[in-house]
Amino acid sequence: MYICFHMERKKYLMLMAGGSGTRMGSAMPKQFLEISGKAILHLTLEKFCSVVPDIKVIVVLPETHIHLWRQYCLERNVAVPQTIVKGGISRFHSVRNGLEKVPDGATVAIHDGVRPLLSRGMIEKMFSMSGKIPALVPVIPCADTMRMLKREKAYDGKERLVGMHGAAPDRNVLFRVQTPQIFHSELIKKAYAQPYDPSFTDDASVAESSGAELSFVEGENINMKITTREDLLLARAIVSFDFPVSSGTC
C-alpha cells in the first residue's frame, strides 16, 4: 500500500524522445525536426524550464540519437543541465532506465518529448496539485461519436475497415490521455519494477497495474503529440500565429 506524505519534493522532468520519424516520413527523427528554428525536443525542454527553472532534467534517447542531441545542444548553446539516458527496447524499458536516475522522495513528470505546445499554466497547475497527489494524469473528454471497427483483408488483398457488432462506445465516458503524467517517484519506481506487459500503453497504466490510485485533471487540446507531417504543419501554424491555449474537448 502506498502512503502519501506531503512534503516539499524535488522536481524532475523525464523527456521521452525515442521517436524515429517513420510515421512522419522523415529521415530526421521527429524530435529533431524544427519549429520556428528550434528542434521540437528543445522547445519542450524550454517550456518546462521556463516554469520550473530548477527542475532536474533527464532526457531518454535511443543510443543512435544521443550524439545528435549532444551536438545540437552544443551548437545551439542549450545550457540546461541534463542527464542523458539510453533508451530500451520499448517505451516501458526506456522509462525504467530513466527512473534509475530519479531518487525516492521526488516528484517526476514523464512527458513526451514531441509535445511542446502545452501551456505554462498547465505545467504550473499540475506541479502544484502533485504535492498531495501521488499519480496525476491529464485527459481530454471526447466529443466525437465513437465506433468500434476492425481491419480485415478483402478478397483483393487490400485492407478494409469493418464494423463490429454490439453497442457503440459511450463517448461520455471516453477520454484521451496526455502527458505529462506526474508521479511521486517511489510510487512510479515501484510500478516499473513489474515485469513488462503489452497492456502497458502509458505510465498511468503501469502505475494502476501496481495498485496505485490515479487522479485525473483536464488537459489541453493544444497539447498535441507531433507524430505525423500533418501534426507538424499544424504545430508550426499554432506557433507562428501564437494561438491562445485553452482546455476543451477533442
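These are my notebook entries on a predicted model of one protein chain.

**Confidence.** I started with the pLDDT. The chain averages 90, and 90% of its residues reach 70 or more. The weak spot I noted is residues 245–250, where the pLDDT is below 50, although this stretch still has 24 contacts in the model beyond near neighbours in sequence. Where pLDDT is low, the predicted coordinates should not be read in detail, and I left it there.

**E4, H2, E5.** Next I traced a strand pair. E4 (residues 56–61) and E5 (residues 82–86) run parallel, and I count 5 bridges joining them. One pairing I looked up is valine 59, whose bridge partner in E5 is isoleucine 84. Between the two strands the chain passes through helix H2 (residues 63–75), giving a right-handed β-α-β crossover.

**Aromatics.** I searched the whole structure for aromatic pairs and got 5. In the pair of tryptophan 69 and tyrosine 72, the ring centres are 5.5 Å apart and the planes meet at 10°; planes under 30 degrees apart count as stacked, so I logged this pair as stacked. Both residues sit in H2, 3 residues apart, which is about one turn of the helix. I checked burial too: tryptophan 69 and tyrosine 72 are both buried. Elsewhere I found one aromatic cluster made of Phe92, Tyr192, Tyr196 and Phe200.

**Threonine 107.** This one belongs to strand E6 (residues 106–112). Its relative accessibility is 4%, and the cut-off for buried is under 20%, so I put threonine 107 down as buried. Leaving out residues up to four places away in sequence, I listed its contacts: Arg9, Lys10, Lys11 and Tyr12, then Phe127 and Ser130, and finally Ile182, Phe183 and His184.

**Backbone oddities.** Most residues other than glycine have a negative phi, and most peptide bonds are trans. I went looking for exceptions.

- The peptide bond between threonine 179 and proline 180 is cis, with omega about 15°. Proline 180 lies in the loop between strand E10 (175–177) and strand E11 (181–184).
- Serine 36 is not a glycine, yet I read a positive phi of about 55° there. I placed serine 36 in the loop between strand E2 (34–35) and strand E3 (38–39). With a relative accessible area of 62%, serine 36 is exposed.
- Asparagine 77, also not a glycine, has a positive phi of about 55°. It took me back to the crossover, since asparagine 77 is in the loop between H2 and E5. I have asparagine 77 as exposed, at 63% relative accessibility.

Notes
Residues are numbered from 1 along each chain as its sequence is written. This is a predicted model: local features need pLDDT of at least 70, side-chain atom pairs count only at pLDDT 80 or more; totals for chains, interfaces and linings use all residues. Side-chain values use heavy atoms; hydrogens and water are left out. pLDDT is the predictor's confidence in each residue, from 0 to 100. Contact means heavy atoms within 4.5 Å. Two strands pair if DSSP finds at least two bridges between them. Helices (H or I, at least four residues) and strands (E, at least two) are DSSP runs, numbered from the N terminus. A crossover is right-handed if, with the strands pointing away from the viewer, the path from the first strand over the helix to the second runs clockwise. Buried means under 20% relative accessible area, exposed over 50%, partly exposed in between (1.4 Å probe, protein chains only). Rings of Phe, Tyr and Trp (its six-membered ring) pair if their centres lie within 6.5 Å; planes under 30 degrees apart count as stacked, over 60 as edge-to-face and the rest as tilted.
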